[in-house]
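Reader: I would like a close look at one part of this model, followed outwards into its surroundings, with the cut-offs behind each term spelled out as you go.

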Amino acid sequence: MKQILFALAPVLIFFLAFRPVHSLTVTGTITDDKGNPIMAAAISEKGTTHGTTSSIDGRYKILVSNNFGTLIISAAGFQGKEIKIKGKTVINVKLLASAKSPAVLENVQKSSGKQQRDQLRYEEMPFNQAIGYPAISQLSSAYSDNAARYKFSPPRIAYDNQINYESDIPGNFNTESYDHITENRFLKIKDNPLSTFSIDVDAASYSNVRRFLNLGQLPPAGAVRIEELVNYFHYEYPQPTKEDPFSINTEISDCPWNKDNKLVLIGLQGKKIPTENLPASNLVFLIDVSGSMDAPNRLPLVKASMKMLVDQLREQDKVAIVVYAGNAGLVLPSTSGDEKIKIKEAIDNLDAGGSTAGGAGIKLAYKIAKQNFSKEGNNRVILCTDGDFNIGVSSDDEMERLIEQERKSGVFLTVLGYGMGNYKDSKMQKLADKGNGNHAYIDQLSEAKKVLVNEFGGTLFTIAKDVKLQIEFNPVNVQGYRLIGYENRMLNKEDFNNDKKDAGELGSGHTVTALYEIIPAGVKSDFLEKVDPLKYQGKLETVGKSSLSGEMMTVKFRYKAPDADVSKLIVHPVLDKRIPLAKTSDNFRFAASVAEFGMLLRSSEFKSNASFTNVLSLARNAKGADEEGYRSEFIKLVQNASTLAKENDKGDEDKVVKDN
């Protein structure tokens with residue numbers, strides 16, 4: 001018998017090693033040893049970014065990529081567990097109480113009778129020796145979306161304006177808001193020879209989309225801004241060599257999702273200034289401490305983020321802290337960057353509660369920034385909030401006018417968004433756009449590190465403002481075109497030469513990428529809509545076989561120095577030199593894969609033959625060195641989205657069958 005078992009052992013090992021691995025949806029309930037449900041327990045798939053949290057009744061649902069993987073379960077005040085999935089779709093977990101919480105959360109009972117608040121005890125967290133910050137893996141349950149305190153189970157329905165699922169704030173209906181996006185259409189060169197838009201270096205949409213996908217949900221269409229998905233990633237464009245603060249790079253090849261069309265990449269590379277050479281900073285941290293920020297993935301994450309930023313400051317830098325809830329107040333006057341302990345103590349003492357007077361906070365923050373204005377330096381307000389303003393100046397129109405007025409002082413604005421359930425994405429976008437600033441969504445501590453440490457210069461130091469692009473297409477080679485994304489950055493053609501018209505900012509070391517899908521001359525396309533011939537207008541004169549016929553387009557740029565009022569012009573002709581897709585740069589293919597992914601998430605009417613399979617193929621072959629792992633993470637998100645899309649399609653089919 002033993003001989004038979006020994007003989008079969010290698011065969012069993014072989015089959016186990018090569019057993020098929022499939023994604024799987026696992027559900028269950030988290031309870032204590034007495035059977036009471038545990039709310040806000042963090043459930044994650046080991047070795048991945050997949051995670052979720054238990055609802056108020058202890059229930060959870062998680063999409064895992066490996067049906068033979070391992071679940072990690074942790075909750076404040078309980079001993080953590082690791083459980084093998086073994087292909088099971090229902091896994092109920094019982095946690096035992098612990099004297100010390102593995103998620104290092106301290107449960108504080110307010111003597112005034114206010115509701116209990118979870119406060120992070122940073123001093124107890126294990127530190128990552130390499131960077132000097134709490135280890136990301138140790139903090140994932142405390143800081144990321146995996147630690148939302150209350151039920152967050154949105155249905156897989158994409159709404160353009162508001163999402164109708166429960167908020168992570170008890171008693172509140174979900175009020176997340178997103179502006180409707182009307183996609184850019186294909187335009188005929190004959191009628192629209194010019195395309196004009198402002199650059200956009202924001203990347204908030206990507207981290208927000210990631211949050212939805214990691215929670216096992218497809219994002220609402222209004223949350224998917226394709227240009228922000230593309231610009232989340234760094235591209236290897238050459239540094240500028242001339243006096244202008246950025247280099248201009250273009251590339252043309254076949255369109256991956258439509259074989260009849262071409263794709264044009266326009267890439268800007270901002271000049272990277274070494275940290276030691278950056279001008280002195282005059283910063284004001286404007287922190288929302290209202291009741292809506294009272295959750296582990298809000299104010300505690302803000303505190304951890306700001307501490308990271310404090311560690312980057314130099315002696316010549318200054319920082320003040322303004323907070324707002326029912327009222328606005330100065331917590332820390334302008335303080336030298338070398339007094340890090342003093343600054344961090346002020347941050348640690350912040351607590352959440354009350355209504356949200358965002359307008360009053362903004363006014364006070366700009367007042368403090370102007371009082372400490374550095375003429376040759378970097379003056380900036382850094383706003384940390386969920387955007388849920390509800391008293392005083394609070395409407396979008398009022399807030400825009402306030403920010404437009406304050407930006408005249410020369411103080412720039414960075415908007416960092418936190419939380420979920422009542423997150424006001426639409427408002428945050430408007431504030432950043434009107435405040436000569438940028439917008440990032442911080443869904444986890446690793447994102448804070450990316451924005452405030454890895455991209456410190458790009459986030460906080462502007463090297464060019466009011467950067468505009470205007471493209472003139474050559475009708476000899478181009479019949480029609482479509483700018484992919486940038487819908488909320490489109491400008492009138494007259495705005496290009498108008499120095500009073502506000503546009504986007506470019507930070508130190510930042511890259512900006514834009515993609516045009518081109519319909520070549522002579523190609524028949526259903527995307528070009530016909531209009532009746534004009535009676536009074538003369539026929540367009542074609543360029544013909546002139547010296548310009550080899551050009552596909554001319555790209556014009558306008559920008560201002562950070563302290564200037566008059567713009568400079570750069571003209572960059574683009575020759576019609578098409579490279580086979582397989583021979584294009586990693587920059588081109590990866591940017592194309594991200595754009596295609598965005599069109600699939602939005603169910604774009606222009607996606608043609610786009611597919612998740614094609615996105616994965618492009619991305620994998622263009623991953624490059626990927627030292628920080630962002631592109632590898634993207635590939636995992638695409639896999640998640642592909643699985644979720646298939647589940648949605650199956651659910652829709654089942655519903656049709658049931659209805660019939």
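At its computed relative accessibility, does Tyr486 count as buried or exposed?

Author: Tyr486 counts as buried, because its relative accessibility is 1%; buried means under 20% relative accessible area, exposed over 50% and partly exposed in between, with a 1.4 Å probe and protein chains only. Before going further, please note that this is a predicted model, in which local features need pLDDT of at least 70 and side-chain atom pairs count only at pLDDT 80 or more, while totals for chains, interfaces and linings use all residues. Residues are numbered from 1 along each chain as its sequence is written, and side-chain values use heavy atoms, with hydrogens and water left out.

Tyr486 is placed in the loop between strand S23 (478-483) and strand S24 (504-507), where helices (H or I, at least four residues) and strands (E, at least two) are DSSP runs numbered from the N terminus. Although Tyr486 is not a glycine, its phi is positive, at about 65°. Ser603 can be set beside it: this residue, also not a glycine, has a positive phi of about 50° and lies in the loop between H12 and H13, but Ser603 counts as exposed because its relative accessibility is 52%. A positive phi of about 50° is also found at Asn436, just after H9. Helix H9 itself (residues 425-434) is mostly covered, with eight of its 10 residues buried, among them Met428, Leu431 and Ala432.

Strand S23 leads on to the aromatic rings. Phe186 and Phe606 belong to the 22 aromatic pairs that a search of the whole structure finds, and their pair is edge-to-face because the ring centres are 5.7 Å apart and the planes stand at 75°; rings of Phe, Tyr and Trp (its six-membered ring) pair if their centres lie within 6.5 Å, and planes under 30 degrees apart count as stacked, over 60 as edge-to-face and the rest as tilted. Phe186 lies in the loop between helix H2 (136-143) and strand S12 (187-188), and Phe606 in the loop between helix H12 (586-602) and helix H13 (612-621), so the pair ties together parts that are 420 residues apart in sequence. Both Phe186 and Phe606 are buried. Phe473 and Tyr481, by contrast, form a stacked pair, with 4.2 Å from centre to centre and 15° between the planes. Each of these two rings belongs to a buried residue, since Phe473 has a relative accessibility of 2% and Tyr481 has a relative accessible area of 2%.

Ring pairs also link Tyr206, Tyr232, Phe233, Phe590, Phe597, Phe612, Tyr630 and Phe634 into a cluster, and charged side chains sit over some of these rings. The charged end of Lys450 is over the ring of Tyr232, 4.0 Å from its centre, the criterion being that NZ of Lys or CZ of Arg is within 6 Å of the ring centre and within 35 degrees of the ring normal. Arg631 lies over the face of Phe590, at 4.2 Å from the ring centre. Lys450 is one of the buried residues of H10, a helix (residues 445-454) that is mostly covered, with eight of its 10 residues buried.

Helix packing can be described as well. Helix H5 (residues 299-310) and helix H6 (residues 340-348) pack at about 170° with their axes 10 Å apart, where axes are lines fitted to C-alpha atoms, for helices over the stretch in contact, and angles run from 0 to 180 degrees between N-to-C directions. H5 and H6 are therefore roughly antiparallel, as angles under 35 degrees count as roughly parallel, over 145 as roughly antiparallel, 65 to 115 as roughly perpendicular and the rest as oblique. Their contact (heavy atoms within 4.5 Å) is made by residues including Met306 and Val310 of H5 and Ile343 and Ile347 of H6.

For the wider setting, the protein has 14 helices and 28 strands, and buried residues make up 55% of its 660 residues. Among contacts between residues at least 6 apart in sequence, 74% join residues at least 24 apart.
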